[in-house]
Amino acid sequence: MPELDPFDARLEAAVHGFADRAQTSVDAAATAERAMRHRHRGRLAWLGVAVPVPVSILVVLTLLVLALVASLGIGAPRRGQDAALPIVAVSPGAASPPAARPDLASDGKGDEVVGGGATLTLTTPYTYSRAGATTQLRDGVITVTTRMSDPRVSGTGTWRVNADLHPTTGPGWGTYRLENAAGAWDGTCSGAAWDAERGGAWSCRLTGSGAYDGYSYLFSATTSDPGIDDVRGVIVPGPLPSPE
Amino acid sequence: MRISTRATLGLALAGALVVACSGAAAPRAPAANQAAAPAVATPAPTPKEITPPPATPTPTPMPTTDGQGAEVVRGVEVFNGTLDGYTITKVGDVAQYRGGVLSFTDRMNDPRVDGTVTFSWSVDAYVSAASEWGSMKVENKNGSWVGPCAGAAWAVGDGFAWSCWLTGKGAYDGYTYYKQSLKEESEQFVTIIGAVYPGEPPKER
């Protein structure tokens, strides 16, 4: 169509003129790569992996979940050993108790003075909770192995322990059962526990059963080393005396 | 004259041992009228029978506390007081000591539990061992501690181990003092170890 020739000629000239002014140093491949890198490692990526939501949202959600878990844990009784709050000096791998005192030889009959040692092993962790400045420890179980000068009070004990620590020193109490092949002793123990020396002092009043029926066993125990107590006491006939 | 705890408790249980031994030496099958006989109170031995005591023990120095809040406390008992009269009653094989009052001084590493002590005690003494109980008051210028004690004694009173749950009064109101005393017959000292803390004694003890 000859009537369009002048228009085509002008258009061609205009296109060439525009093209001659355009920036020709742009590397399209490099630009595309930069764009893709930005997408993969920008705020929608996590360690180089693309994720469908912004990372900041994930971080906030994670912190919220952690805060929720922590809030559920705080204030609820917990069971476990808190190294900062030992209720008694217990030995995780208790050795044999110290040898019974040879100077207290016993015939194992009648009233008798007894002495010896005990090892303590925490076999059931206690629960602990806070009440103001007091740490309440409850329902721990300590297995006690005693080696005494009188066979009637040598054996294995089960001490169910509670304590209130202010913050690391305070009273302890609980029931205690000591048994061996011939019989058992049941009663209560109470005393004090402290952290600084990982120790404590206790006194127990027990009533005999089985071969020990009709007898009472009273003793005091003091921590000599963590997990080891020195024990002194007596076996006497009759019921436990009632303190005035 | 200063009289040691060792001497006084030795006195207390020496009588018991004599009575117990005499009972042990006697025929085991008592006559019917003996079994039915009421217990007879025996006057306490006179002070002349007290053995001269050893020198007053000098406590080993120990770190003092700040006297506030919960503390582990340690110290010794020093007998420099009195032993008031008591009765001894023989019931079967046991010699029952009643009405004894002992006073002494506690030298402690915490000023709150340092002071003079009055111990009203009772003892049931058998052949070689005895049970012991009573009530104790520890007092000083700022307040006092009062409560029950119980424990064991042996070696005619030369050895004993007792413990007390004491409730604070005066400046110590609201606090409890657990006191455990031990005296080995071979040792000169009566050692004390325990704790002071805010709160009540445990109900289960």
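## Strand pairing in chain A

Two strands are taken to pair if DSSP finds at least two bridges between them. In this predicted model, strand E10 (residues 199-210) of chain A pairs with E11(A) in the antiparallel sense, over seven bridges. E10(A) also runs antiparallel to strand E9 (residues 183-194) of chain A, and twelve bridges join these two strands. On its other listed pairing, E11(A) meets strand E12 (residues 228-237) of chain A, again in the antiparallel sense, over ten bridges.

Individual bridge partners give the register of these pairings. Ala184(A) has Ser209(A) in E10(A) as its bridge partner. Between E10(A) and E11(A), Arg205(A) stands opposite Leu218(A), and Ser203(A) stands opposite Ser220(A). Further on, Ser216(A) of E11(A) faces Val236(A) in E12(A) as its opposite residue.

## Hairpins and burial

E10(A) and E11(A) form a hairpin with four residues between the strands, and Gly214(A) in this hairpin takes a positive phi near 90 degrees. The hairpin of E11(A) and E12(A) has two residues between its strands. In that turn, Gly227(A) has a positive phi of about 90 degrees.

How enclosed is strand E11 (residues 215-225) of chain A by the rest of the structure? Eight of its eleven residues are buried, so E11(A) is largely enclosed. A residue counts as buried here if 20 or more other C-beta atoms lie within 10 Å of its own. E10(A) is mostly covered as well, with nine of its twelve residues buried.

## Backbone exceptions in chain A

His166(A) and Pro167(A) are joined by a cis peptide bond, with omega about -15 degrees. Pro167(A) lies in the loop between strand E7 (155-165) and strand E8 (169-179) of chain A.

Asp139(A) is not a glycine, yet it has a positive phi of about 60 degrees. This residue sits in strand E6 (residues 134-148) of chain A. Asp139(A) has 15 other C-beta atoms within 10 Å, so it is classed as partly exposed.

## Chain B

Chain B contains two helices and eleven strands. Read from the N terminus, both helices precede the strands, in the order α-α-β-β-β-β-β-β-β-β-β-β-β. Of its 205 residues, 46% count as buried. Among contacts in chain B with a separation of 6 or more, 57% are between residues 24 or more positions apart.

Gly147(B) belongs to strand E8 of chain B. With 19 other C-beta atoms within 10 Å, Gly147(B) is partly exposed, because 20 or more would be needed for it to count as buried. Leaving out residues up to four places away in sequence, Gly147(B) touches Ser135(B), Met136(B), Cys164(B), Trp165(B), Leu166(B) and Thr167(B). Gly147(B) and Pro201(B) are 54 residues apart in sequence, and their C-alpha atoms are 9.8 Å apart in space.

## Interface and nonpolar core

The two chains meet through 35 residues of chain B and 33 residues of chain A. On the chain B side, strand E2 (71-78), strand E7 (129-140), strand E8 (143-154), strand E9 (159-170), strand E10 (175-183) and strand E11 (190-198) each supply at least two of the residues that touch chain A. What is the make-up of the side of chain B that touches chain A, in nonpolar, polar and charged residues? Its residues divide into 21 nonpolar, ten polar and four charged.

The largest nonpolar core has 90 residues. Those touching the most other members are Val234(A), Ala129(B), Ala130(B), Ala152(B) and Ala195(B), a list that draws on both chains. Nonpolar side chains tend to be buried together in soluble globular proteins.

Ala152(B) shows how residues of the two chains come together. Leaving aside neighbours within four places in sequence, its contacts in chain A are with Leu218(A), Phe219(A), Gly233(A) and Val234(A). In chain B, Ala152(B) is in contact with Ala129(B), Ala130(B), Ser131(B), Glu132(B), Phe160(B) and Ala161(B). Of these partners, Leu218(A) is the residue of E11(A) that stands opposite Arg205(A).

## Confidence in chain A

Chain A has a mean pLDDT of 76, and 59% of its residues reach 70 or more. The pLDDT is below 50 over residues 38-48 of chain A, a stretch that has 14 contacts in the model beyond near neighbours in sequence. Residues 81-89 of chain A also have a pLDDT below 50; beyond near neighbours in sequence, that stretch has 31 contacts in the model.

How values were computed: Residues numbered from 1 in each chain as written. Chains lettered and ligands numbered in written order. Predicted model: local features only at pLDDT ≥ 70, side-chain atom pairs only at ≥ 80, totals over all residues. Contact = placed C-beta atoms within 7 Å. Nonpolar A, V, L, I, M, F, W, Y, C, P; charged D, E, K, R; others polar. Core = buried A, V, L, I, M, F, W, Y, C linked by C-beta atoms within 7 Å. pLDDT = per-residue confidence, 0-100.
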